[in-house]
Amino acid sequence: MNKQMSKHEVQHLIAKRVAKELHGPCTVNLGIGIPTLVAEYLEDENVFLHTENGMLGVTDVEEEDIDPNLVNAGKLPVGEAVGTSFFDSSDSFAMIRGGHVDVAILGALQVAQSGIIANWAVPGKNILGVGGAMDLLVGAKKVIITMSHTSKDGQSKILKACTYPITSTRSVDMIVTELAVFEVVDKQLKLVELMPGITLAEVKEKTEADFIV
């Protein structure tokens, strides 16, 4: 990673790259954290954003237009697109479990080389919890993971096997970090793109998992 990049810049770099993967018409669920930033970079009006607390038609919102009653699953303020619909949580999860979400964009704590993820618990620590990730991994047609490549202490978060409790036995389809873009093909990691200014050697150095180029 470019040593000059702040955490904010890293998150936006990842979100901007993920936005390029979204082509309408499709329904996309944005998870908490980096995924919420993807809304800022969408240009296709036929990409409809879904949040599991009960809204379809989520958009980015300017500070002066914030309505405190309109928030996403991460309690962050959101805007309404033309034609936005609202519904209760049970209908929202029925959409997810019924296969009506085309793409889910999630954060992760760890990803295994088979595409299995861990994103809801750290043993011995009190963190956010399950949320809708387990349902989205089962119900969404495509799952994209957004995450920093390494932990705060520099350890790889893309591993041979997850050491934290896994979220689902379903493998994700794509992983985007500040260093690289991976696809998961037949439960094997495939490096498909290097981020600007990043070398293959750097990705190899910071990735515990095996991958093909």
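This is a short tour of a predicted model, with a suggestion at each stop for what to select and what you will find there.

**Stop 1: strand β1**

Start by selecting residues 26-30, which form strand β1. Of its 5 residues, 5 are buried, so the strand is largely enclosed by the rest of the structure. Colour the two faces separately if you like: Cys26, Val28 and Leu30 lie on one side, Thr27 and Asn29 on the other, and both faces are covered.

Now bring in the partners of β1. Strand β2 pairs with β1 in the parallel sense, over 4 bridges, and here valine 28 stands opposite leucine 49. Strand β5 also pairs with β1 in the parallel sense, over 3 bridges. In that pairing, look for leucine 30 opposite isoleucine 105.

**Stop 2: histidine 50**

Stay with β2 (residues 47-51) and pick out histidine 50. Is histidine 50 buried or exposed? Its relative accessibility is 2%, so histidine 50 counts as buried. Show the side chain of asparagine 29 as well: a polar contact of 2.9 Å joins it to the side chain of histidine 50.

Then display the wider surroundings of histidine 50. Setting aside neighbours within four places in sequence, its contacts include Thr27, Val28 and Leu30, along with Met55, Leu56, Phe87 and Met95.

**Stop 3: from β5 to β8 and β10**

Next, select strand β5, residues 103-107. Besides β1, β5 pairs with β8 in the parallel sense, this time over 5 bridges. Alanine 104 is the residue to click on, since it stands opposite valine 143 in β8.

Move across to β8 itself, residues 142-146. Here 4 of the 5 residues are buried, so β8 is largely enclosed by the rest of the structure. Beyond it, 3 bridges join β8 to strand β10 (residues 174-176), and the two run parallel. Isoleucine 145 has isoleucine 175 in β10 as its bridge partner.

**Stop 4: the nonpolar core**

Several residues you have already clicked on come together here. Which residues have the most contacts inside the largest nonpolar core? They are Val28, Ile105, Ile145, Ile175 and Phe182, in a core of 54 residues. Helix α1 (residues 7-19) contributes the largest share, 5 residues.

Zoom in on isoleucine 105 for a closer view. Not counting neighbours within four places in sequence, isoleucine 105 is in contact with residues including Val18, Leu22, Val28, Leu30, Pro35, Val38 and Ile144.

**Stop 5: helix α1**

Select α1 next and measure from end to end in your viewer. The helix has 13 residues and spans 19 Å from its first C-alpha to its last, close to the 18 Å expected. Its buried residues are Val10, His12, Ile14, Ala15, Arg17, Val18 and Ala19. To see what these buried residues pack against, show α2 (34-37), β5, β8, β10, β11 and β12 (188-194).

**Stop 6: a pair of rings**

Display phenylalanine 182 and phenylalanine 211 together. Their ring centres are 5.4 Å apart and their planes are at 75 degrees, so the pair is edge-to-face. The two rings come from distant parts of the chain: phenylalanine 182 belongs to strand β11 (residues 180-185) and phenylalanine 211 to strand β13 (residues 211-212), 29 residues apart. Both phenylalanines are buried.

**Stop 7: phenylalanine 86**

For another phenylalanine, go to strand β4 (residues 79-86) and select phenylalanine 86. This residue is partly exposed, with a relative accessible area of 47%. Look around phenylalanine 86 and, leaving out residues up to four places away in sequence, you will find it touching Gly54, Met55, Leu70 and Glu80. You can also draw a line from its C-alpha to that of glycine 57: the atoms are 8.8 Å apart, with the two positions 29 residues apart along the chain.

**Stop 8: a sheet of 3 strands**

Finish with an open sheet whose strands run in the order β7-β6-β9, with mixed pairing. Strands β7 (117-118) and β9 (158-159) form its edges, each pairing on one side only. Strand β6 (residues 110-112) is joined to β9 by 2 bridges, and these strands run parallel. As a last click, choose alanine 112, whose bridge partner in β9 is leucine 159.

Terms used: Residues numbered from 1 in each chain as written. Predicted model: local features only at pLDDT ≥ 70, side-chain atom pairs only at ≥ 80, totals over all residues. Heavy atoms only, no water. Buried < 20%, exposed > 50% of the residue type's maximum accessible area, 1.4 Å probe, protein only. Pairing = 2+ DSSP bridges. Core = buried A, V, L, I, M, F, W, Y, C linked by side-chain atoms within 4.5 Å. Contact = heavy atoms within 4.5 Å. Polar contact = N/O pair within 3.5 Å; in protein donor to acceptor, adjacent residues only side chain to side chain. Phe/Tyr/Trp six-rings, centres within 6.5 Å; stacked < 30°, edge-to-face > 60°. Expected span 1.5 Å × (residues − 1).
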